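User: Could you take a close look at one buried charged residue for me, and show me how its surroundings fit into the rest of the fold? I work at the bench, so please spell out the cut-offs as you go.

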Amino acid sequence: MTVNTSVRLPIRDVALTTPGDSMSGNPGSVLTYTISVMNMGTDPDDFNMAIEVCEGCNSWVVSLSKYLIKDLNSGNSEDIQFFVEVPSSARDTDSAIFGVTAESHDDSEAFAKLDITSIVNTVFDQSVIITEVPIMYPGDSNQFSISVTNQGNSYEAYKITEGNNVPSGWSFESTLPFETQNLEPYGGTETFTIPFEIPDAENPGYYNFTMFVKLSSSGLKVATVEFSVKVEYYADFDIDVFPTQSVGDPGFTHSLPVTITNNANANEEIDFIV
């Protein structure tokens, strides 16, 4: 008698899918990818999950919400999350490709890999420091010292242009716009001066105005710098008494022509004391 015995061997297989295999984020942000693990075999199976880190990507922090999927039935799937933390010092030219893998617990040849791409956004950030100027008088010359620091993650040049209420006749038109060099990310700084001159006939008072800081590459305004200059009042006048012949007896009142010229930078009442 011949007895035929058949043994069914389970087929092991696995597949990985995601609705989005590429995301972008700012430095310091965490990107979250959803990955579906599907048992493509004929029997329930356990799957070991792992991450392959690309060369030169050690500064990127990556993790999975689950590293072992247990007793997943044939044809069923389970979602897990893959987390990528973008380095806080990443530049806008940086990116990373990671591999998420799934392997059958019972058959190492039942293996799947999914490539995940993470891209760094361009972040514009800058600081602007200006020096104050002392009280000034008409005819005085001075200058603003301005420091621009690129705190973003890309190389940027900046353009300083006239903003709102910039006084006319102060010679800003000969120095503005001013453009910086291409500043390095995360701390590249340039310090420069913007000279100006108060016109001789300028009125006293506070002059408040602004200048704009723009990206040279696109013209996008990224900062508004406020300035305030006090033009002081000053008194200055000339008195001219013109000689003339006047003859009279004692007690006679003589009248002499007098001209007063106000050279100050404001209207003035002048009192005479004899």
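Here is a walk from the whole chain to the residue you asked about, with a second charged residue alongside.

Analyst: Happy to help! This is a predicted model, in which local features need pLDDT of at least 70 and side-chain atom pairs count only at pLDDT 80 or more, while totals for chains, interfaces and linings use all residues. Residues are numbered from 1 along each chain as its sequence is written, and side-chain values use heavy atoms, with hydrogens and water left out.

Let's start with the whole protein. It has zero helices and 18 strands (DSSP runs numbered from the N terminus: H or I of at least four residues for helices, E of at least two for strands). Of its 274 residues, 32% are buried, meaning under 20% relative accessible area with a 1.4 Å probe, protein chains only. Among contacts (heavy atoms within 4.5 Å) with a separation of 6 or more, 67% join residues 24 or more positions apart.

Now for the residue itself. E156 sits in the loop between β11 (141–150) and β12 (158–162). E156 is buried but has no salt bridge, that is, no side-chain nitrogen of Lys or Arg within 4 Å of a carboxyl oxygen of Asp or Glu. The nearest side chain of opposite charge is R91, 12 Å away; here Lys and Arg count as positive and Asp and Glu as negative, with His and the chain ends not counted. What E156 does have is a side-chain to side-chain polar contact with S154, at 2.8 Å. Such a contact is a pair of N or O atoms within 3.5 Å; within protein, one must be able to donate a hydrogen and the other to accept it, and residues adjacent in sequence count only if both atoms are side-chain atoms. Leaving out residues up to four places away in sequence, E156 touches F124, N150, Q181, N182, L183, L215 and S217.

For a second charged residue, turn to R12, in the segment before β1 (14–17). The R12 side chain makes a polar contact with the side chain of D106 at 3.2 Å, and one of its polar atoms lies 2.8 Å from the backbone oxygen of P44. Beyond four places in sequence, the contacts of R12 include D45 and S104.

Those two contacts lead into the strands: β4 covers residues 45–52 and β8 covers residues 95–104. β4 and β8 pair in the antiparallel sense over six bridges, where pairing takes at least two DSSP bridges, and N48 stands opposite E103 in β8. β4 also pairs with β6 (residues 68–72), again antiparallel, over three bridges, with I69 in β6 as the bridge partner of F47.

Note on methods. Buried < 20%, exposed > 50% of the residue type's maximum accessible area, 1.4 Å probe, protein only.
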